[in-house]
Amino acid sequence: MSPRQLPPVIGASVRRSDGQDKVRGAAVYGMDHVEPGMLHARLLRSPLPAGRIVRLDTSRAATMPGVRAVVTAADAPHLSGWVVKDQRLMAADEVRYVGEPVAAVAADTVEQAAAAVAAIDLEIDPLPAILTFDDALASDARPIHPARDTYTGAGPGGGNVAWESGLERGAVEDAFAAADLVVTDEFSTPRQHQSPIEPHVAVGRFEQGRYVVHSPAQYPFLVRDRVAEFLGVRSSAVRVIVSTIGGGFGGKLDAMLEPFACLLARRTGRPVRVANTRAEELATASPRENAVVRLRTAVRADGTLLAQEGEVIGDNGAYSGETVFCASIPPVLLGATYRIPNVRYRSRVVYTNTTPTAAFRGVNAPYCVFAQEMHLDHIARELGVDRRELRLRNVLRAGEEMVNGQPLPDAALVDAFDAVEKVAPWAELTAARRPYRGVGIAAVTWLSNPGPGGATVKVNEDGTVTVVSGGAEIGTGAMATSVRQIVAAELGVPVEDVLLAQTDTDSASFDGGAQGSRTVFGVGNAAADAAGQVREQLLKAAADILEAAPDDLELAEGHVAVRGAPHKRVPIATVASTALWSTGPIAATGRHIAPPLPFDSACMSGAVFTHFVAATYHVHLAEVEVDPDTGAVRVLRYVVAQDVGRAINPQMIEGQIEGGVLQGLGYALLEDLRVDGGRVVDDDLESYRLPTALDAPPLEISLLENPCSYGPFGGKGVAEPPIIPVAAALGAAVADAIGRPVHELPLTPFAVLAALRGEQDGVGKELA
Amino acid sequence: MTYSFHINGHPVEIGSAAMTGLLEVLRDELGLRGAKPGCGEGRCGACTVLVDDVPVASCLYPVALAQSRHVRTVEGLAAPDGPLTPVQDALLEHGGVQCGACIPGVVMTLTALLERTLRPTPDQICDALVGNLCRCTGYHKIVEAAVAVGRGEER
Ligand code: FES
Ligand code: FES
């Protein structure tokens, strides 16, 4: 479909349906949800990173004022896990991280619950904590999970390796032997916390023999299944109702407090609210994993990449969330942007006695891309080749294959480089070298999450349309604008007339969650499919009224009209209400599954993510200035060119880019969730420094329309990826500014000063 | 102790311990749940309300200090069934709202700024917003919205 034929609502920056409530302070978030007779819960959390529980006595706590119930592992003994079922709701005999829940109390007030938690008698016999990759991977390391191999869903690996994935292609040794130059680097990156403004919170009740929980859940069907698994009931015994969500960024995909609210509600017969304090949020709510990336690359003197070996180690923490699920992304991602014919990649996710890590927007891509792009700059430096030129020489072109053998027929990386060049000509930026000023450029190919989903569209008797789906509006506007626009376009109704039912696992079909930019792509496709069926039903019902064949009818402006005779038309409201008695109510459920794509599965092992669905292409450029006295980095300019498939709501997409870039800037320059002796050091927002308005860099954005043949109106995932190349672009710009390589994040003023003094190491070069 | 002050133009009397945070009083006693408990430690600004037209972090603001003062919250800006204020409308027009958890605080900060400074510059706006963390938007569209209100584009 050419842009001219697109319905005008596609590409319109319409307002969000939840906007009025949000600016008036009327929206009910998870943190605002209250119920009559509601109790409050607090958790007893492990004070030690590792040890055996030798005494857990709740008898005194149970008799304290206001206390209604105290629960421990004995009350929820079942193993659960998103992928690897290695965790219980509360520690049974052993604690494995500081902050691990050991018991929970429900009481009339939060203060009473907290007092009772303090009165629980807990004695732990400490074990030596395993906190680093070296300790965890040592040949004589104590296994953090001795029963690892028996867990349901246990992945490839062993010992403290929770999951191992690899990819091998071509003749790696031969290519290294033939290389003009071999370059090696090691990079290490910190934990980054999602820190949505709304911390985790849940309110549960027990009703008609089932658990009902209100939660700001990004992936309500996963939360449903996890609550059920923790509590040992079938999944239909749990109903998740999604409140307004006060930010998630991956942190609210998996269940966290919901099972406690449900268990305590069952025990007390009252609704129970559980909420994290900000300190609990930072210390226990699964951040992006810290990681180490080692790269070794063989190149020809002209800059052609010949081969690469890569090793990625990510910290799982003490239990498995989404981090293991994503272990197979680095091997594909490292070879998704540039042509590297011979590779050997290994990715491992490692257990440590630290807070479990999980998804944060972009999952492991920000550090893999940081490493790959810094490494390319290193290669360019060694060869004396221009950095942008090196990239253009090796970047994948349309029709070429990624490292997994998947062809990219619509690759638009060169277009993205061109778009950035138009805004910020590289030669100009690099010609006039000024001290302590630098530029960096980075590219990435990314995916739209392929998870399946369904959506129901029904036409109401007043002519409005309701979408019932499991799609969660996490703030991106994917549900509140784009999915409504897609349905409005399909049915020719005003977008204001497309309404969203509250997301509820009871009424919606399964949905793969608000993750990996999948809502517009997945829910949008399912809703478009449903709307297409609804259109057929409307035309059939209207055919009788208009005395015309369905094929001669069209939908526009809220009416069904005879094509070519626009005065012969009938409002959709009339069609829908008449249809009640002729064809029956007008409604349909649509489905979305990602189409199969060709790739070479033989080159991979331990792979969950094998290929990139609805791939998108991105180039970012940064210009920075470094203060040599303080080490402070000022971002003078930031340029983004992003393939968005189809810009269904350009303003919302820009908002995703602006927000994603600033989160990426936080990762690159400010945020470091430090763990010391197993304890999270940065457990308030003073020491864990989120970007403020003063940190927001000037931004120049180009949206590239490169329609996806199987996305709604050509749409692809757009919200997740803008965070990904930011650390790479900024890191490269800082390295350029100070004339020193950079191997670690974040580039705080202290780190920059250290790098200026040459105190960062990890640079390696072998001339073949 | 009992404290009397005005909330959104209406007199209230609150029986409460002196150090109770104003946010708790607003949310739990007065049913005004617009201001958000984002951190409870004075860092995020989601709980921002105006006390005698000055933005304060209500989570740390002892109710005793509100005695005889005028407190304004997000609920008091536009009538629930009336049109939005220029700041509220501009935030939507410019796409400055994503999850919205920060927005009640942002709206109050910007309202106070625009009452003091008719045409704030982007720098003045960023300075004013430094106590309002927004994890979603990257702030650009929030700043654009405030600039537009200052220019009188939103009425
Ligand atoms: S809740 Fe008051 S500043 Fe965060
Ligand atoms: S819109 Fe989500 S924190 Fe500001």
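## The largest pocket

Helix H1(B) makes the biggest contribution to the lining of the largest pocket, giving 4 residues. Keep in mind as you look around that this is a predicted model. The pocket has a volume of about 980 Å³, and 30 residues line it. Those nearest its centre come from both chains: Val110(A), Arg273(A) and Ala275(A), together with Asp28(B) and Pro37(B).

Besides helix H1 (22-29) of chain B, the elements that give two or more residues to this lining are strand E1 (39-45), helix H3 (110-118) and strand E12 (272-275) of chain A. Sorted by class, the lining holds 13 nonpolar, 8 polar and 9 charged residues.

## The second largest pocket

Next comes the second largest pocket, with about 810 Å³ of space. Its lining is made up of 34 residues, and nearest the centre you will find Thr189(A), Pro190(A), Asn290(A), Asp672(A) and Arg674(A).

Five elements of chain A are worth highlighting here, as each gives two or more residues to the lining: helix H4 (133-137), strand E8 (181-189), strand E13 (291-299), H18 and helix H20 (749-756). The class split for this pocket is 14 nonpolar, 11 polar and 9 charged residues.

## Where the chains meet

Now to the interface itself. Chain A brings 51 residues into contact with 47 residues of chain B. The size of an interface is often expressed as the accessible area lost when the parts come together. Between chain A and chain B, the buried area is about 3,900 Å², and carbon and sulfur atoms account for 57% of it. On the chain A side, the residues that lose the most area to chain B are Val23(A), Arg24(A) and Ile197(A), which together make up 20% of what that side buries.

## Polar links and the chain A side

The rule finds 8 salt bridges across the interface of chain A and chain B. A good one to pick out in the viewer joins the side chains of Glu686(A) and Arg43(B), at 3.1 Å from N to O. Across the same interface, 32 residue pairs are in polar contact, with both residues at pLDDT 80 or more.

Which elements of chain A give two or more residues to the side that touches chain B? They are helix H1 (19-24) and helix H18 (650-670). H18(A) supplies the largest share of that side, with 9 residues. As for composition, the chain A side divides into 23 nonpolar, 16 polar and 12 charged residues. H18 of chain A is thus an element to revisit, appearing both in this side of the interface and in the lining of the second largest pocket.

How values were computed:
Residues are numbered from 1 along each chain as its sequence is written. Chains are lettered from A and ligands numbered from 1 in the order in which they are written. This is a predicted model: local features need pLDDT of at least 70, side-chain atom pairs count only at pLDDT 80 or more; totals for chains, interfaces and linings use all residues. Side-chain values use heavy atoms; hydrogens and water are left out. Contact means heavy atoms within 4.5 Å. Buried area is the accessible area (1.4 Å probe) that two parts lose on being put together, summed over both. A salt bridge is a side-chain nitrogen of Lys or Arg within 4 Å of a carboxyl oxygen of Asp or Glu. A polar contact is a pair of N or O atoms within 3.5 Å; within protein, one must be able to donate a hydrogen and the other to accept it, and residues adjacent in sequence count only if both atoms are side-chain atoms. Ala, Val, Leu, Ile, Met, Phe, Trp, Tyr, Cys and Pro count as nonpolar, Asp, Glu, Lys and Arg as charged, and the others, Gly among them, as polar. On a 1 Å grid over the protein atoms alone, a cavity is a set of points where a 1.4 Å probe fits but cannot get out, and a pocket is an open set with protein on both sides within 12 Å along at least five of seven lines; lining residues have an atom within 4 Å of a point. Grid points are joined across faces, edges and corners, and a volume is the space filled by probe spheres set on the points.
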